[in-house]
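Thank you all for coming. I would like to walk you slowly through one structure today, so please bring up the view and keep it open while I talk.

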Amino acid sequence: MLIEFTKMHGLGNDFMVIDLVTQRLHLTKELVALLGDRHLGIGFDQLLIVEPPSRPDVDFRYRIFNKDGSEVQQCGNGARCFARFVQARKLSFKQRIRVETASGIITLSTDDYGWVKVDMGKPKFEPDEIPFTPKTITKVQNSYRLNVDGTPVTLYVANMGNPHAIIKVDDVLTAEVEKLGKAIESHPAFPERVNVGFMQVMNNRHIRLRVYERGVGETQACGTGACAAVATGVREGWLDEGVDIRAQLYGGSLVIRWQEGYPVYMTGPATFVYEGVFSPEGLMAGAGLKFAPAQPSEEHRSDEGHHYHE
């Protein structure tokens, strides 16, 4: 059995995208990890899965897996690639689609220039919404002082479908992203782990950002991380409210806009790289593992042919 896939990226944050509307595949953590291996598989920061919706008021279901095989709730850069993928594959002819994710419904809109605008929903800042358990941690207004390997670190927390810790730094180029990111990502105060953003405020409409993503490490760009950083900056008065903010990442820039009480809107590009096929049986056999084919309940109506969303 051969499965078709597409390789895409959003500002260098790279993805493998699989259509499971017209194909069927039983995904396991082991298979995802093999696909994510840049030497033995395809290689990616995240695997994006397009599935039929489970409810009538949305167009698709959107699932995201890290390269270690763990499933996560949201991925902003991936959402833009998702929108362009379903159009290119003619799974939808809409310019505006509603998509269900593990963290809720998001709306994706495309323009004639290949850019995608994503309604990312409202940011959440309360500790139990992250989740964050700062039982013995000092809180100063909206910030927290977290003990990281014996060193106090001031950070902010936000959830944009994924949990984020945001650290304001003087210079992202000299920030200890690898050391602090790794330590905070798996800190006991974050029971579901956390993405760690290092934000430098250039002016009230421009930030620079580096993100250490849970289960991945530092990536070229992180859409939910940019949204969390801008929302935090607006909330703290560092950035202007209700206007376009440029979030500059290693892979390029995103445009983020947030006004308190409203959703965060993210706009940016999505790029196709190549298409190909892979053999799940071959990958699993090469690793000495047994491949389990999709069961009838997992066929997603594949034998009915293509399902277009008008």
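Let me begin with the classes of residue that I will use: Ala, Val, Leu, Ile, Met, Phe, Trp, Tyr, Cys and Pro count as nonpolar, Asp, Glu, Lys and Arg count as charged, and the others, with Gly among them, count as polar. Please also keep in mind that what you see is a predicted model.

With those classes in hand, we can turn to the largest pocket, whose lining has eight nonpolar, eight polar and five charged residues. Its volume is about 310 Å³, and of the 21 residues that line this pocket, S103, K124, N159, M160 and G161 lie nearest its centre. Strand 7, which covers residues 104-110, gives the most to that lining, with three residues.

Next come the enclosed spaces. A search of the whole structure finds two cavities of 30 Å³ or more, and in the largest cavity there is about 90 Å³ of space. Thirteen is the number of residues lining the largest cavity, and Q46, Q74, N162, N195 and E213 are the closest to its centre. Strand 4 (60-66) and helix 4 are the elements that give two or more residues to this lining, and by class the lining of the largest cavity divides into four nonpolar, seven polar and two charged residues.

Now to the annotation. Which residues does UniProt list for "active site"? The entry, which is unreviewed, lists C75 and C222. These two residues span 148 residues in sequence, and yet their C-alpha atoms are no more than 7.6 Å apart, so they gather at one spot. Both C75 and C222 also belong to the lining of the largest cavity, which brings us back to the space I described a moment ago.

Let us take the two cysteines in turn. C75 is found in the loop between strand 5 (71-72) and helix 2 (76-88). Is C75 buried or exposed? Its relative accessibility is 6%, and because buried means under 20%, C75 counts as buried. If we leave aside its neighbours within four places in sequence, C75 is in contact with N13, F15, Q46, Y62, I64, N162 and T224.

C222, for its part, lies in the loop between strand 15 (217-219) and helix 4 (223-236). With a relative accessible area of 4%, C222 is buried. Leaving aside its neighbours within four places in sequence once again, C222 is in contact with N13, N77, H164, V211, E213 and L249. If you compare the two lists on your screens, you will find N13 in contact with C75 and also with C222.

The last stop is helix 3, whose buried residues are V177, L180, G181, A183, I184 and E185. What covers these buried residues includes strand 10 (143-148), strand 11 (151-159), strand 12 (163-168), strand 13 (195-203), strand 14 (206-213) and strand 15.

I would like to linger on E185, which is placed in helix 3, residues 177-185, and which is buried, with a relative accessible area of 10%. Where does its side chain make a polar contact? The partner is the side chain of R193, at 3.4 Å. Beyond its neighbours within four places in sequence, E185 is in contact with residues including R193, V194, V196, Y212 and E213, and E213 is one of the residues closest to the centre of the largest cavity.

How values were computed. Residues numbered from 1 in each chain as written. Predicted model: local features only at pLDDT ≥ 70, side-chain atom pairs only at ≥ 80, totals over all residues. Heavy atoms only, no water. UniProt positions renumbered as here; feature names shortened; annotations may be inferred. 1 Å grid on protein atoms, 1.4 Å probe; cavity = no way out; pocket = protein on both sides within 12 Å on 5 of 7 lines; lining within 4 Å. Helix = DSSP H or I, 4+ residues; strand = E, 2+ residues; numbered from the N terminus. Buried < 20%, exposed > 50% of the residue type's maximum accessible area, 1.4 Å probe, protein only. Contact = heavy atoms within 4.5 Å. Polar contact = N/O pair within 3.5 Å; in protein donor to acceptor, adjacent residues only side chain to side chain. Points joined across faces, edges and corners; volume = space filled by probe spheres on them.
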